[in-house]
Amino acid sequence: MTAEQLLAAPATVLPTLRGAVTGLPSYVPGRRGAGADIAALASNESHYEPLPAAVTAVAEAAGRMNRYPDMAAVELRERIARHLGVTAAEVAVGPGSVGVLQQIITGLCDAGDEVIFAWRSFEAYPILVELAGARPVRIPLDHLEGHDLNAMAAAVTERTKVILLCTPNNPTGVPISHDRIEAFLRAVRSDILVVIDEAYVEYAEAGSGPDSLALYREYPNVCILRTFSKAYGLAGLRVGYAVASPAIAEGLRRTALPFAVSALGQKAAVASLDAGEEIEVRVAAVRQERARMAAQLEAQGWKLQPSQGNFLWIRAGEDLLARLVEAFDTAGVMIRAYQGDGVRITVADPASNDRVLRLLAAHTA
């Protein structure tokens, strides 16, 4: 090819990503650190090792990893159904509650539809909404770091398809009471799916949040979203589930990525549900440590809202936030910073929690 021909040849046009993808913010996971002296308190993982029964179940299932998992997750869905007093037809599973949430938004939202949620809340919410081509509607938290349900109800339009209620809220830990959610449900249209995201429900004190199953039975547009990643300690296996009316649950199963929940994850989740007493002992210990930390931090002068998750939230402006992050990084304690808002600190073992208390004692707001 001559020089003239090269100059005249059309430029190669490469594939381009959708605008919705190129404009997406990246999900920011909790930071990691290597070394025995690092305290990983940024991801709200369980600090306990996996339950022995779950480890045994995974080891047994590993010998069949050359086979596809049960795509319908029949055994797991039936076990969840027995655990909650619903039917398997009302249960859909996915790769973590975030995976199920993607199925929800994909299944219900067309381009331009709206999804309402509190902000700040779970960081994946706006990402999943925008990825589906829908419009995220962020409603600021109230002065108590909780959901402003009146403002959320006022934000409903004819394009609203889904409303997300995170209780206890991540990252603030503030729950939404049963009565408030029930009043909210009476105020919004029945054709809007109201998702009660309860990723941390096991850590909540009885009566602090809603009886979501009772609300679901009374209001068919309610969907309950839960996970095995937190209290059950299966974060690395990615198993979550939703409880919804049979028609909605069937739609969620249709939108699921085929074979997304591994056989190892399914078996471990079943084993974890069977070990309810062991889970409750672990959860009770976390609650006790959470209360101890909160009391000491308040005595130090920190102003906290009562958290019902396995974490504590400290509101911090830019200057204080920068000082806290630097201090914790220097000390080898990994916490989760939210630019312009504050820090979230996972409640872990007493020794790690004591490190947090000592650090915050030296940096009281």
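Where is the place of Ala73 in this chain? Hold on to that one for a moment, and hello, everyone. What we have on the screen is a predicted model, so please listen with that in mind.

Back to my opening. Ala73 sits in the loop between α3, which covers residues 52-62, and α4. This alanine has a positive phi of about 50 degrees, although it is not a glycine. Is Ala73 buried or exposed? With a relative accessible area of 1%, Ala73 is buried.

Let me step back and show you the whole chain. Its secondary structure comes to 14 helices and 12 strands. The radius of gyration is 22 Å, close to the 21 Å that the globule rule gives for 365 residues, so the chain is as compact as a globular protein of that length. Along the principal axes, the C-alpha trace spans about 75 × 60 × 55 Å. Buried residues make up 50% of the 365.

Now, contacts. Take those with a separation of 6 or more: 74% of them are between residues 24 or more positions apart. On the outside, the chain exposes about 16800 Å², and carbon and sulfur atoms supply 56% of that. As for charge, there are 34 positive and 41 negative ones, and their mean positions are 2 Å apart.

Let's zoom in on helix α4, residues 74-84. Its buried residues are Leu76, Arg77, Arg79, Ile80, Ala81 and Leu84. What do they pack against? The partners are the strands β2 (91-94), β7 (222-227) and β8 (240-243), together with the helices α9 (212-218), α10 (246-255) and α11. Just after α4 comes Gly85, with a positive phi of about 75 degrees.

One of those partners, α11, runs over residues 263-274 and holds Ser272. This serine is buried, at a relative accessible area of 0%. Leaving aside neighbours within four places in sequence, Ser272 is in contact with Leu51, Ala54, Tyr232, Leu234 and Ile279.

Next, some backbone details. Arg238 is another residue with a positive phi, about 60 degrees, although it is not a glycine. You will find Arg238 in the loop between β7 and β8. With a relative accessible area of 31%, Arg238 is partly exposed.

Then there is the loop between β5 (160-166) and α8 (178-187), where Pro168 has its place. The peptide bond from Thr167 to Pro168 is cis, with omega near -5 degrees. Pro171 is in the loop between β5 and α8 too, and a cis peptide bond joins Asn170 to Pro171, with omega about 25 degrees.

To finish, the aromatic rings. How many aromatic pairs does the count come to? The count comes to 8. Take Phe122 and Tyr125: their ring centres are 5.6 Å apart and their planes stand at 85 degrees, so this pair is edge-to-face. Phe122 counts as buried at 16% relative accessibility, and Tyr125 is buried at 0%.

Tyr200 and Phe311 also form an edge-to-face pair, with 5.0 Å from centre to centre and 75 degrees between the planes. This pair links distant parts of the chain, 111 residues apart: Tyr200 is in the loop between β6 (193-197) and α9, and Phe311 is in strand β9, residues 311-315. Tyr200 is buried at 4%, and Phe311 is buried at 0%.

Finally, Phe122 and Tyr125 come back once more, as they form one aromatic cluster with Phe117 and Trp119. Thanks for listening!

Notes: Residues are numbered from 1 along each chain as its sequence is written. This is a predicted model: local features need pLDDT of at least 70, side-chain atom pairs count only at pLDDT 80 or more; totals for chains, interfaces and linings use all residues. Side-chain values use heavy atoms; hydrogens and water are left out. Helices (H or I, at least four residues) and strands (E, at least two) are DSSP runs, numbered from the N terminus. The radius of gyration is taken over C-alpha atoms; the globule rule is 2.2 Å times the number of residues to the power 0.38. Buried means under 20% relative accessible area, exposed over 50%, partly exposed in between (1.4 Å probe, protein chains only). Contact means heavy atoms within 4.5 Å. Accessible areas come from the Shrake-Rupley method with a 1.4 Å probe; for residues, only the protein chains shown count as cover. Lys and Arg count as positive and Asp and Glu as negative; His and the chain ends are not counted. The place of a charge is taken as NZ of Lys, CZ of Arg, CG of Asp or CD of Glu. Rings of Phe, Tyr and Trp (its six-membered ring) pair if their centres lie within 6.5 Å; planes under 30 degrees apart count as stacked, over 60 as edge-to-face and the rest as tilted.
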